[in-house]
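Here is a set of exercises to work through with the model open beside you. Try each task before you read its solution.

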Amino acid sequence: MPEATETEIDIDDKELRIDVYRSSGKGGQGVNTTDSAVRITHLPTNTVVTCQDERSQIKNKAKAMKILRARLLQAKQEEAAKSRSADRKAQVGTGDRSERIRTYNFPQERITDHRIGLTLKKLSAVMEGDLDEIVEALQQEDYSKQLAAYQA
């Protein structure tokens, strides 16, 4: 599990419910008389962490907060990885032959980008490195997709 510092994961005290109770297990009379076990619930994510390792309630609370930060950081990282994976998968496609990206027609001096519906009649200039018009069209299409996703 990743270790999170207080600056990486900011947890507001209002988002926490902290319960203290008596520890269970071995320990004799000390276990039965002191409320040293701590249960911390992060309300927005409903993540629950319990700790009863130490004899001190303060130490148990500090340990439980450290574990809670680590779990929240791990969940945040997994969500970001899942989002990146979905974006990457959307860009790659299936790779089938029917999924055309560009067609280069040399006899007619034509290049067609099927993803955005752009057709240019200057294939030799593109082959020599004049890609500005294609790149700008692809950037504009990407920008409009991002804007549509943001508005939805």
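Two strands pair if DSSP finds at least two bridges between them. Helices (H or I, at least four residues) and strands (E, at least two) are DSSP runs, numbered from the N terminus. This is a predicted model, in which local features need pLDDT of at least 70 and side-chain atom pairs count only at pLDDT 80 or more, while totals for chains, interfaces and linings use all residues. Residues are numbered from 1 along each chain as its sequence is written, and side-chain values use heavy atoms, with hydrogens and water left out.

**Exercise 1. Lay out the sheet.**

Task: Find in which order the three strands of the open sheet lie.

Solution. Step 1: begin with E2 and E3, which pair in the antiparallel sense over five bridges. Within this pair, isoleucine 40 stands opposite valine 49 of E3.

Step 2: put E1 in place, and the order reads E1-E2-E3, with antiparallel pairing. E1 and E3 are the edge strands, each pairing on one side only.

Step 3: check the twist. Neighbouring strands are turned by 15 degrees against each other on average, direction ignored (axes are lines fitted to C-alpha atoms, for helices over the stretch in contact, and angles run from 0 to 180 degrees between N-to-C directions).

Step 4: add the helix. H2 packs on the sheet and touches E1, E2 and E3; its direction makes about 145 degrees with that of E3. Contact here means heavy atoms within 4.5 Å.

**Exercise 2. Examine the hairpin.**

Task: Which residue in the hairpin of E2 and E3 takes a positive phi?

Solution. Step 1: look between the two strands, where the hairpin has four residues.

Step 2: pick out asparagine 46, whose phi is near 60 degrees, a positive value in a residue other than glycine. Most residues other than glycine have a negative phi.

Step 3: ask whether asparagine 46 is buried or exposed. Buried means under 20% relative accessible area, exposed over 50%, and partly exposed in between (1.4 Å probe, protein chains only). Asparagine 46 has a relative accessible area of 60%, so it is exposed.

Step 4: compare threonine 41, which lies in strand E2. Threonine 41 counts as buried because its relative accessibility is 2%. Neighbours within four places in sequence aside, threonine 41 is in contact with residues including Leu16, Asn46 and Val48.

**Exercise 3. Check the helix.**

Task: What span should the 36 residues of H2 have?

Solution. Step 1: the expected span of a helix is 1.5 Å times one less than its number of residues.

Step 2: for H2 this gives 52 Å, and its end C-alpha atoms are 52 Å apart, so the two values agree.

Step 3: look at what follows the helix. Just after H2, glycine 93 takes a positive phi of about 80 degrees.

**Exercise 4. Find the core.**

Task: Which elements give two or more residues to the largest nonpolar core?

Solution. Step 1: a nonpolar core is a set of buried Ala, Val, Leu, Ile, Met, Phe, Trp, Tyr and Cys residues joined through side-chain atoms within 4.5 Å.

Step 2: the largest one has twelve residues, among them Ile9, Leu16, Ile40, Val49 and Leu68.

Step 3: strand E2 (37-42), strand E3 (47-51) and helix H2 (57-92) each give two or more. H2 provides the largest share, five residues.

Step 4: turn to E3, where Thr47, Val49 and Cys51 make up the covered face, and Val48 and Thr50 the uncovered one.
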